[in-house]
Amino acid sequence: MTPPAGDRDPAHTPVRVLLCDDHAVVRAGLLALLSSAHGIEVIGEAGDGEEAVALAAALRPDVVLMDLQLGSGIDGIEATRRIAGLPEREAEGEAGRADGRDVEREAGGADGRDVERDAAGRSAAGRGAPHVLVLTTYDTDADINRAIEAGATGYLLKAERPEELFSAIRAAAAGRSTLSAPVAHRVLAQMRSPRPGLTDRELDILGQLARGLSNREIARALFISEATVKTHLGRIYDKLGVDTRAGAVSVAKEQRLLP
């Protein structure tokens, strides 16, 4: 039996991981990969953001391996924010023990299975918020910044070698940050050369963009040419670290650039 959370020896206790990815095949691959790693145990799977938050609150894993794009519902950024903000559980066995049961069953596994936890060892009691390690294919400045601001402990790209993933999971469980080399390069580049702020005209165009207007409609509203709109949009994308209209609006809202 796994010893209670407060009595476990970190040197001999597996890192408990919750997977969150909206692709079942990807989850299956990660499960098989992590099963081969010494000292890592996958305790649950989630196929969307809401499910990840619910399972993280119930199971209190050490690390949540989080994708960013999760289809419908909340994305990985919002799921990360909610998981990082989970309160610490203090009373041992507080969930599901009022009726004297020794085993809890949590519905909602990604494949429809129940998740079982014994009250002594798998209880969420005494655990703080899980650490979130982002595992994604996206490495734009906007995604990286939003994930870190949301509370992610680390940011890893899916192109990493298995050994790097195992190491990052163990580091995240200990509260240490890990960044893929390309991600670290981007973060350092931002620190060394911060982007200039948006001009008044760029803010005007961004505001029209948020209303869902096309380039032609923006040009008409601001009495400028479409070519000028396109030029300003290119500069806006560059400054915000995005490459789509939706991304620009999303980051602008995050940075409170829009009313």
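What share of the contacts in the chain with a separation of 6 or more comes from residues 24 or more positions apart? The figure is 66%. Keep that in mind on this tour of a predicted model.

**Stop 1: the whole chain**

Show everything as a cartoon. You should find 10 helices and seven strands. The chain has 259 residues, and 44% of them count as buried.

**Stop 2: strands 1 and 2**

Select residues 15–20, which form strand 1. Add helix 1, residues 24–35. Then add strand 2, residues 40–46. Together, strand 1, helix 1 and strand 2 make a right-handed β-α-β unit.

Look at how the two strands pair. Strand 1 and strand 2 run parallel, and six bridges join them. For one pairing, select Leu 18 and Gly 44: Gly 44, in strand 2, is the bridge partner of Leu 18.

Is strand 2 largely enclosed or largely open? Five of its seven residues are buried, so strand 2 is largely enclosed by the rest of the structure.

**Stop 3: strands 6 and 7**

Now select strand 6, residues 131–136. Start with His 131, which is found in this strand. His 131 has a relative accessible area of 26%, so it is partly exposed. Show what surrounds it. Leaving aside neighbours within four places in sequence, His 131 is in contact with Asp 62, Val 63, Val 64, Thr 153, Ala 172, Ala 173 and Gly 175. Then pick Ser 177. His 131 and Ser 177 are 46 residues apart in sequence, but their C-alpha atoms are 9.8 Å apart in space.

Move along strand 6 to Thr 136. Thr 136 has 0% relative accessibility, so it counts as buried. A polar atom of its side chain lies 3.2 Å from the backbone nitrogen of Tyr 138. Leaving out residues up to four places away in sequence, Thr 136 touches Asp 67, Leu 68, Tyr 155, Leu 156, Leu 157 and Lys 158.

Several of those contacts lead to the next selection: strand 7, residues 154–157. Strand 6 and strand 7 run parallel and are joined by four bridges. Thr 136 has Leu 157 of strand 7 as its bridge partner. To get from strand 6 to strand 7, the chain passes through helix 4, residues 141–150, in a right-handed β-α-β crossover.

Which way do the residues of strand 7 point? Gly 154 and Leu 156 point one way, while Tyr 155 and Leu 157 point the other way. All of them are buried.

**Stop 4: Ser 180**

Stay with Leu 157 and add Ser 180. The side chain of Ser 180 reaches the backbone nitrogen of Leu 157 at 2.9 Å. Ser 180 sits in the loop between helix 5 (162–173) and helix 6 (181–192). Buried or exposed? Ser 180 is at 1% relative accessibility, so it counts as buried. Its contacts, not counting residues up to four places away in sequence, are Tyr 155, Leu 156, Leu 157 and Glu 160.

**Stop 5: the largest nonpolar core**

Next, select Ile 205, Leu 206, Leu 209, Ile 218, Ile 236, Val 242 and Ala 248. Among the 21 residues of the largest nonpolar core, these touch the most other members. Helix 7 (200–210), helix 8 (215–222), helix 9 (226–240) and helix 10 (245–254) each supply at least two core residues. Helix 9 gives the largest share, five residues.

Zoom in on Ile 236, in helix 9. Ile 236 is at 0% relative accessibility, so it counts as buried. Not counting residues up to four places away in sequence, Ile 236 touches Leu 198, Glu 202, Ile 205, Leu 206 and Ala 248. Add Gly 197 as well: it is 39 residues from Ile 236 along the chain, with 9.3 Å between their C-alpha atoms.

**Stop 6: helix 8**

Last, look down the axis of helix 8. Its buried residues are Asn 215, Ile 218, Ala 219 and Leu 222. They cover an arc of only 100° around the axis, so they lie on the same side of helix 8. Helix 7, helix 9 and helix 10 are among what covers them.

Pick Ile 218. Leaving aside neighbours within four places in sequence, Ile 218 is in contact with Ile 205, Gln 208, Leu 209, Leu 213, Val 229 and Arg 245. Finish at Phe 223, just after helix 8, which takes a positive phi of about 60°.

Note on methods: Residues numbered from 1 in each chain as written. Predicted model: local features only at pLDDT ≥ 70, side-chain atom pairs only at ≥ 80, totals over all residues. Heavy atoms only, no water. Buried < 20%, exposed > 50% of the residue type's maximum accessible area, 1.4 Å probe, protein only. Polar contact = N/O pair within 3.5 Å; in protein donor to acceptor, adjacent residues only side chain to side chain. Contact = heavy atoms within 4.5 Å. Core = buried A, V, L, I, M, F, W, Y, C linked by side-chain atoms within 4.5 Å. Arc of directions from axis to C-beta. Pairing = 2+ DSSP bridges. Right-handed = clockwise from strand over helix to strand, strands pointing away.
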